[in-house]
Each structure stands twice: as C-alpha cells, then as structure tokens.
Amino acid sequence: MVNPYNDSELGKKQQVAEMFNAIAPKYDFLNHWLSFGIDKLWRKKAIRLLRPYKPKNILDVATGTGDFALEAMKLDPTKIIGLDISEGMMKIAAEKINKLQLEDTISFEVGDSEDMRFETRSIDAITVGFGVRNFEHLEQGLSEFHRVLNDGGVACVLEFSKPRSFPVKQLYNFYSYYILPLWGRLISKDNRAYTYLPESVSAFPDGEDFIQVLKKVGFSSVKEYRLTFGIATIYFAMK
Ligand SMILES: C[S@@+](CC[C@H](N)C(=O)[O-])C[C@H]1O[C@@H](n2cnc3c(N)ncnc32)[C@H](O)[C@@H]1O
C-alpha cells in the first residue's frame with residue numbers, strides 16, 4: 001500500500017487526512033496550476049455525462065475543497081452532500097459555498113467513505129474526484145457507494161490513470177516524478193504530498209483493472225471515458 005508518509009506509524013486514512021489538512025490552503029492553486037487548468041475541464045465533462053440521469057440527491061465523496069460539488073450544481077439537484085475526512089479541505093469548500101450563498105443546496109460533513117452514515121438506497125448519484133486512490137480499503141469504499149445508491153443510480157468516478165502510448169507516457173512520467181514534486185514541495189511546503197501523488201497513481205488499478213473492482217463490489221455495468229491521452233479516466237458505474 002502506498003502511504004503519504006513512509007515514516008509515520010499512523011494508518012493510511014489518518015495520514016491522508018493529515019496530508020490534506022496540511023496542503024488545504026494551497027490545494028486549489030496547485031491543482032489548477034500543475035494540471036494547466038485541465039482538471040476543471042475533466043470535472044465539467046463528468047458532470048455533462050451525468051446530465052441524462054437527472055440526479056436530484058447527489059453525494060460528492062472525498063469532496064475536498066468542493067469543486068466537484070459546485071460543478072454538480074449544473075444538474076439542478078435538490079441536495080448535494082460533500083463528505084470528506086479532512087476538515088481543513090472542507091473549510092475551504094464551505095467558504096466557497098457561503099460566498100455563493102448555496103448553503104441551502106450544498107452541505108459538507110466530516111465522514112469516512114468506507115463507512116457512511118447514509119441509508120441503503122438513498123442517493124441518486126455519487127461523484128468522486130481524485131478520491132478513490134486515497135482510500136485505505138478500496139473495495140470497502142466502493143461497496144459503500146453501491147450500498148447507498150438507489151437502484152438505477154450511478155457512481156461517477158474521476159481518477160488519474162496511466163497514459164500508455166509513446167511519447168505521452170514518457171513525458172507524463174518525467175513531469176509527474178520530477179517537475180510536479182518539485183513545485184508541489186516548494187508551494188505546499190509539504191515534503192511528501194506531491195511525491196505521494198505519482199506513487200499512488202502508479203500503484204492504483206486503472207482501466208479494465210479498476211472496472212473489475214467496481215464489478216466485484218456489485219456494479220452491473222461500467223463505462224470508461226479516457227481523458228487527455230489517458231492521464232485521467234471517468235468511470236460510470238451503474239447499480
Ligand atoms: C485529491 S483530493 C480531491 C478533492 C476533490 N474531490 C477534487 O476533485 O479536487 C482527495 C480527497 O479525498 C479525501 N479522502 C481520502 N480518503 C477518504 C475517505 N476514506 N473518506 C472521505 N474522504 C477521503 C481527502 O481528505 C481529500 O480531501
């Protein structure tokens with residue numbers, strides 16, 4: 001298992017929460033800057049793909065600073081709940097929502113996606129952006145997605161994947177192992193967060209391997225949409 005801090009005695013979940021609390025104030029800036037703003041286009045595309053499902057009750061798992069939850073407002077939902085284990089990240093999210101006066105529709109709560117308080121079959125759609133890679137127990141988290149979704153509900157998972165073709169694969173590896181950790185360390189002041197990122201992407205199942213995990217926990221059909229030469233992928237898992 002790839003953990004944020006190799007020398008820590010804490011479990012992965014606590015380490016992840018600690019890491020995101022530490023980098024929260026710089027997270028949005030680094031995210032948009034290091035991805036040249038492409039991360040925003042990926043979330044937009046994911047929400048566009050969700051439109052035909054007309055979900056009213058949305059759960060944004062691993063909501064972080066809330067950008068996916070905010071984008072999901074375009075679906076005209078009745079309610080969006082953002083869930084995360086990092087209070088630091090959600091503090092930034094709550095500030096954005098307050099500024100936009102969206103508190104009636106979007107709310108945030110501290111919670112673990114591997115053990116959610118929501119009732120079985122109570123959610124129309126789950127969104128999760130760059131979150132599942134950080135789960136301590138991936139199958140447990142995805143089983144929870146399946147449990148809380150209504151029949152016919154959909155989990156929309158946006159996650160980094162590994163480009164496969166030359167020369168994108170080589171360029172991407174150079175960028176993510178050498179350039180990204182350097183800037184990440186300088187700006188976030190966290191020595192590990194942006195080294196953990198490429199390491200965790202490399203260790204995480206993508207494409208068909210991830211689809212098999214989604215099917216194993218009970219999703220009946222899964223579609224994948226590879227984005228920007230396979231740097232990220234949207235998975236649509238139907239219950
Ligand atoms: C890379 S950030 C993604 C934030 C946001 N979804 C986005 O699109 O930018 C990953 C988030 O996952 C959260 N996270 C990791 N494991 C979690 C878990 N088991 N339950 C809830 N949130 C979790 C972290 O605290 C962090 O805020």
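Here's a quick tour of the ligand site, one helix pair and the nonpolar core. Keep in mind that this is a predicted model. A good place to start is helix H1, which covers residues 12–34: H1 gives the most residues to the shell around the ligand, and H1 also packs with helix H6.

**Around the ligand**
- The ligand has 23 residues around it, and the closest are Ala62, Gly64, Ser86, Ser113 and Gly129.
- Three elements each bring at least two residues to this shell: helix H1, helix H3 (67–71) and strand S2 (79–84).
- H1's share is five residues.
- Sorted by class, the shell comes out as ten nonpolar, eight polar and five charged residues.

**H1 meets H6**
- H6 spans residues 168–188, and H1 packs with H6 at an angle of about 145°, the axes being 10 Å apart.
- The crossing of H1 past H6 is right-handed.
- On the H1 side you'll find Ile23, Lys26, Leu30 and Leu34, while H6 brings Leu180, Trp183, Gly184, Ile187 and Ser188.
- That contact is made up of six nonpolar, two polar and one charged residues.

**Inside the core**
- The largest nonpolar core holds 61 residues.
- Ile126, Ala155, Cys156, Val157, Leu158 and Ala237 have the most contacts inside this core.
- Take Leu158: leaving out residues up to four places away in sequence, Leu158 touches Trp42, Arg43, Ala46, Gly129, Phe130, Ala232 and Ile234.
- Gly129 links two of these topics, being one of the closest residues to the ligand and a contact of Leu158.

Key
Residues numbered from 1 in each chain as written. Predicted model: local features only at pLDDT ≥ 70, side-chain atom pairs only at ≥ 80, totals over all residues. Near = placed C-beta within 6 Å. Helix = DSSP H or I, 4+ residues; strand = E, 2+ residues; numbered from the N terminus. Nonpolar A, V, L, I, M, F, W, Y, C, P; charged D, E, K, R; others polar. Axes fitted to C-alpha atoms, helices over the stretch in contact; angles between N-to-C directions. Left-handed = near helix turned anticlockwise from the far one by under 90°. Contact = placed C-beta atoms within 7 Å. Core = buried A, V, L, I, M, F, W, Y, C linked by C-beta atoms within 7 Å. Buried ≥ 20, exposed ≤ 12 C-beta atoms within 10 Å, placed from the backbone.
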